[in-house]
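User: I am learning how labels such as "buried" or "salt bridge" are given to parts of a model. Please take me through some of them, with the reasoning each time.

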Amino acid sequence: SKFLLWLSFDDATSGADVVGRVFDKYGERIPSHVWLPYVSHLICSLQRPEAMRAKGLLYQLVQAYPQCVYYTLRTFLLDRREGSTLSRHQRASRSQHNQQGGMMNSPVGHIPTVSEAFASGKQVMEVLRSEWALMIHELETFIHEIGTKFVPTPEERLLSVVHALLTRCYKYSSTPLTADVPENLKKELQQICKACFSEDTMTKHRSFVDEYKDAFWRDLNYEVEPSSFPSTLGGVTQSLKSWKNRLENSIARRGCSVLKLEVQSPALQHMVFENIEIPGYRQSRRIFAPNKGEPVYVEGIVSDMEVLQRYGSSHRRITLLGSNGEKFSFLIQSGLSPSASGEVRVMSLLHAFNDALQNDCETKRRGAKFFTPSIVSLWPQITLVEDDVSFVSYMEVYEWFCTRFGREPDLPVIKFKELVSAAMAAANQATPEKNPSGSAPGASGGNDIGNNPQVILEIRYRALSEICSQYVSDSIFAQYMYKILPNC
């Protein structure tokens, strides 16, 4: 990793590319598996000054570890193909830079354009397809079926959007609930209304559009019905909460927690797996050198597929049968992020932390390490994330607690906003009384509560203490473990 960092700052224009020339001289002696942990980094380097040397390393990896390169390279090309969102954004940024008279050569050399980076990646992909044609055909079938058959329904996607908007409203913690709706939030709501009920959605999911579009636009689109649009931030929050409850009830009434593979995708049910490895197995288990073990291949797919609701989003969990007899579960996550390349690099960082923890005697004795699941990008917006059947988040434990006692999960957040808003309003009303000169609050240098971070911090701390003592029990996790453990 340190060498790749040095290579990225190598200056090839002035002839001072010392690192690059040393690599050209001795790089062929380095085994290919040394570069395997940095596949995502090498592919991203195709749009940096060190693109030519990164492409040479990718050629080596394609010959020995084709599947480790294929997933990330495929997503990289889809992100940068002609007409894609990322391609248009980068072209617009480049044209704006040219209009301002900027040079497209960085201090360390020429930066490839989007089309040049796409062409370099396409050359690597052509070599991969020509060398491993049968394997690529299997992978394409596998990826296509997962990307088209196991995505959330329109209702589930709308619920995740409403959950994200509700979280956005909760982040205005210092803004009173009676305050006007921020203009940027109004614009965001308008854009989301258009995106959730686009022409493509109206064509493919007509019943969904007929059921929800008019009511959703009437409640949350300021342009359609200004009179019915909430006038305050608290009104928008209440409207989003009602939509969240409505969608959750509709999904619970119509959906099911387990899907059958033979119903959702007969092609995968009858598919004969011969050349597909478990996605991300080498990276997550750190099996890079040939003498550290053989790869595990996919033997089949379990028929039952669970539907999970986590953090306001809906995911399908698929279970692959490995050639070593183990079962490997993956969440099929879909979202609005351009790709999972950033998450893959974060996992590489956590692997480096685990290596450091392993070298310390105390952390090694305790088995302390970061959880580093496999993250494999299938499409720009669809990702496979390794999961475990026994995994449960603290948020799920808290929601279980609220369901058990009939409480609203968002109650602590709502109470926090109410307490903070009330305290700040009372403090601001008391400010003119302490300022008899009649000048504006804060004009004398510090009476305005908005300019006093220490006072705001104390108000938030008092609100948090009151919520912890009255609304949230400190034994939630203990109650959950007591209920699920068979020996308790």
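**Labels and their reasons**

Analyst: Phe9 sits in the loop between α1 (2-8) and α2 (18-26). The model is a predicted one.

User: Why is Phe9 called exposed?

Analyst: The relative accessible area of Phe9 is 56%. Exposed means over 50%, so Phe9 is exposed.

User: What makes the nonpolar surface patch that includes Phe9?

Analyst: Leu5, Trp6 and Phe9 make this patch, which covers about 370 Å². Nonpolar side chains are joined into a patch within 5 Å.

User: Why is Tyr65 given the label it has, buried or exposed?

Analyst: Tyr65 has a relative accessible area of 9%. Buried means under 20%, so Tyr65 is buried. Tyr65 is found in the loop between α4 (51-64) and α5. Its C-alpha atom is 8.1 Å from that of Leu36, and the two residues are 29 apart along the chain.

User: How do you know that Arg74 and Glu140 meet in a salt bridge?

Analyst: Their side chains come to 3.3 Å, N to O. The cut-off is within 4 Å, so the pair qualifies. Arg74 belongs to helix α5 (residues 66-80) and Glu140 to helix α8 (residues 133-149), so the pair ties together parts that are 66 residues apart in sequence.

User: Why do Arg74 and Glu140 get the labels buried and partly exposed?

Analyst: Arg74 has 8% relative accessibility, so it counts as buried. Glu140 has 22% and therefore counts as partly exposed. The limit for buried is under 20%.

User: What makes Glu408 and Lys241 a salt bridge, and what does the pair tie together?

Analyst: The distance is 2.5 Å, N to O, and the cut-off is within 4 Å. Glu408 is in the loop between α19 and α20, while Lys241 is in helix α13, so the pair ties together parts that are 167 residues apart in sequence. Glu408, at 33% relative accessibility, counts as partly exposed. Lys241, at 10%, counts as buried.

User: How do you know that Glu396 and Arg310 form a salt bridge?

Analyst: Their side chains meet at 3.6 Å, N to O, and the cut-off is within 4 Å. Glu396 lies in helix α19 and Arg310 in strand β5, so parts that are 86 residues apart in sequence are tied together by the pair. At 22% relative accessibility Glu396 counts as partly exposed, and at 6% Arg310 counts as buried.

User: What makes a network of Glu306, Arg310, Arg317, Asp387 and Glu396?

Analyst: Salt bridges that share partners join these five residues into one network. The whole structure has 20 salt bridges.

User: Which residues are closest to the centre of the second largest pocket, and what lines it?

Analyst: The second largest pocket holds about 1,200 Å³ of space. Leu159, Glu248, Gln309, Gly312 and Glu399 are the closest to its centre, out of 47 lining residues. Elements that give two or more residues to the lining include α9 (154-170), α13 (233-254), β5 (304-310) and α19 (394-405).

User: How many lining residues of the second largest pocket are nonpolar, polar or charged?

Analyst: The lining has 19 nonpolar, 14 polar and 14 charged residues. Gly counts as polar.

Technical notes. Residues are numbered from 1 along each chain as its sequence is written. This is a predicted model: local features need pLDDT of at least 70, side-chain atom pairs count only at pLDDT 80 or more; totals for chains, interfaces and linings use all residues. Side-chain values use heavy atoms; hydrogens and water are left out. On a 1 Å grid over the protein atoms alone, a cavity is a set of points where a 1.4 Å probe fits but cannot get out, and a pocket is an open set with protein on both sides within 12 Å along at least five of seven lines; lining residues have an atom within 4 Å of a point. Grid points are joined across faces, edges and corners, and a volume is the space filled by probe spheres set on the points. Helices (H or I, at least four residues) and strands (E, at least two) are DSSP runs, numbered from the N terminus. Buried means under 20% relative accessible area, exposed over 50%, partly exposed in between (1.4 Å probe, protein chains only). Patches are made of residues with over 30% relative accessible area and no salt bridge: like charges are joined within 9 Å, nonpolar side chains (Val, Leu, Ile, Met, Phe, Trp, Tyr) within 5 Å. Accessible areas come from the Shrake-Rupley method with a 1.4 Å probe; for residues, only the protein chains shown count as cover.
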